[in-house]
Amino acid sequence: IGVGFGAQNLINNFISGFIILGEQPINIGDLIEVDGLLGKVEEIGARCTRVRTGENVHKLVPNSSFLEKNITNWTLSDNKIRTKVVVGVAYGSPVKLVEETLMKAAKANSRVLKTPEPFVLFSDFGDNALVFELYFWVLVRLVLEKKQVESHVRFKIDDLFRQAGLVIAFPQRDLHFDDNKPLSIQWVNQKSENPTP
């Protein structure tokens with residue numbers, strides 16, 4: 001009985017391996033994400049699948065995980081994926097200029113695909129910023145390519161915003177004092193807990 005229960009997971013992974021090889025939800029060379037792990041499939045074995053991460057670390061993922069959990073296969077049909085960069089600008093910024101500048105930053109990058117064309121959404125009136133989302137398409141073959149393109153686009157956005165005088169927002173707080181009565185100020189001596197007015 002003990003051996004039977006112990007072998008249950010092993011048998012489950014073997015059966016899952018045959019299902020993966022038959023249905024092919026993942027293939028060697030695919031860029032996948034499972035449980036926060038982003039990597040490239042290098043080998044599909046009978047019991048587990050070997051995935052290489054962007055840090056060049058090999059992870060062995062049990063085959064049953066690919067059938068029991070939500071898996072993102074970034075390159076299942078092709079290597080073309082859509083990604084986005086989120087930017088918050090200060091209130092009062094000219095929104096049309098922000099849109100034009102974001103589009104210019106995307107089109108300036110040679111690794112951003114011309115078709116489908118990039119586009120910008122004015123997504124929200126945030127607590128501290130007007131929130132814009134820049135969407136664009138890239139070709140991904142390696143794990144870090146998506147993040148590299150996003151980083152290059154952010155560098156370009158920062159450069160173009162400085163040239164255009166646009167300000168990337170940061171958290172701000174407005175303090176309002178009640179001036180109906182005078183403010184009470186006290187000096188507290190660190191050696192003594194008794195405040196001195």
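Two strands pair if DSSP finds at least two bridges between them. The views below show a predicted model.

**View 1. Pairing of β7 with β8 in the predicted model.** Strand β8 covers residues 130-139 and pairs with β7 in the antiparallel sense, over six bridges. One residue to look for is Phe 119, whose bridge partner in β8 is Tyr 135. Strands of a sheet pair through backbone hydrogen bonds, either parallel or antiparallel.

**View 2. The open sheet of three strands, in the order β6-β8-β7.** Pairing in this sheet is antiparallel. Strands β6 (80-89) and β7 (119-125) are the edge strands, each pairing on one side only. From one strand to the next, the twist averages 25°. Helix α3 (residues 95-107) packs on the sheet and touches β6, β7 and β8. The direction of helix α3 makes about 20° with that of β8. Helix α4 (residues 145-164) also packs on the sheet, with β6 and β8 as the strands it touches. The direction of helix α4 makes about 35° with that of β6.

**View 3. The largest nonpolar core, with 25 residues.** Leu 102, Leu 134, Phe 136, Val 153, Ile 157 and Phe 161 touch the most other members of this core. At least two core residues come from each of β6, α3, β8 and α4. Another core, of ten residues, lies apart from the largest one, and Ile 26, Ile 32, Val 61 and Phe 66 are among its members. Leaving aside residues up to four places away in sequence, Leu 102 touches Val 87, Val 120, Phe 132, Leu 134, Ile 157 and Phe 161. In soluble globular proteins, nonpolar side chains tend to be buried together.

**View 4. Surroundings of Thr 53 in strand β3.** Strand β3 spans residues 48-53. Thr 53 counts as buried because its relative accessible area is 6%, under the 20% cut-off. Its side chain makes a polar contact with the side chain of Glu 55, at 3.2 Å. Neighbours within four places in sequence aside, Thr 53 is in contact with Leu 37, Leu 38, Gly 39, Lys 59 and Val 143.

**View 5. Surroundings of Thr 72 in strand β5.** Strand β5 consists of residues 72-73. Thr 72 counts as partly exposed because its relative accessibility is 34%, in between the cut-offs of 20% and 50%. Not counting residues up to four places away in sequence, Thr 72 touches Leu 31, Ile 32 and Glu 33. Met 103 is 31 residues from Thr 72 in sequence, and the two are 28 Å apart in space, C-alpha to C-alpha.

Notes
Residues numbered from 1 in each chain as written. Predicted model: local features only at pLDDT ≥ 70, side-chain atom pairs only at ≥ 80, totals over all residues. Heavy atoms only, no water. Helix = DSSP H or I, 4+ residues; strand = E, 2+ residues; numbered from the N terminus. Axes fitted to C-alpha atoms, helices over the stretch in contact; angles between N-to-C directions. Contact = heavy atoms within 4.5 Å. Buried < 20%, exposed > 50% of the residue type's maximum accessible area, 1.4 Å probe, protein only. Polar contact = N/O pair within 3.5 Å; in protein donor to acceptor, adjacent residues only side chain to side chain. Core = buried A, V, L, I, M, F, W, Y, C linked by side-chain atoms within 4.5 Å.
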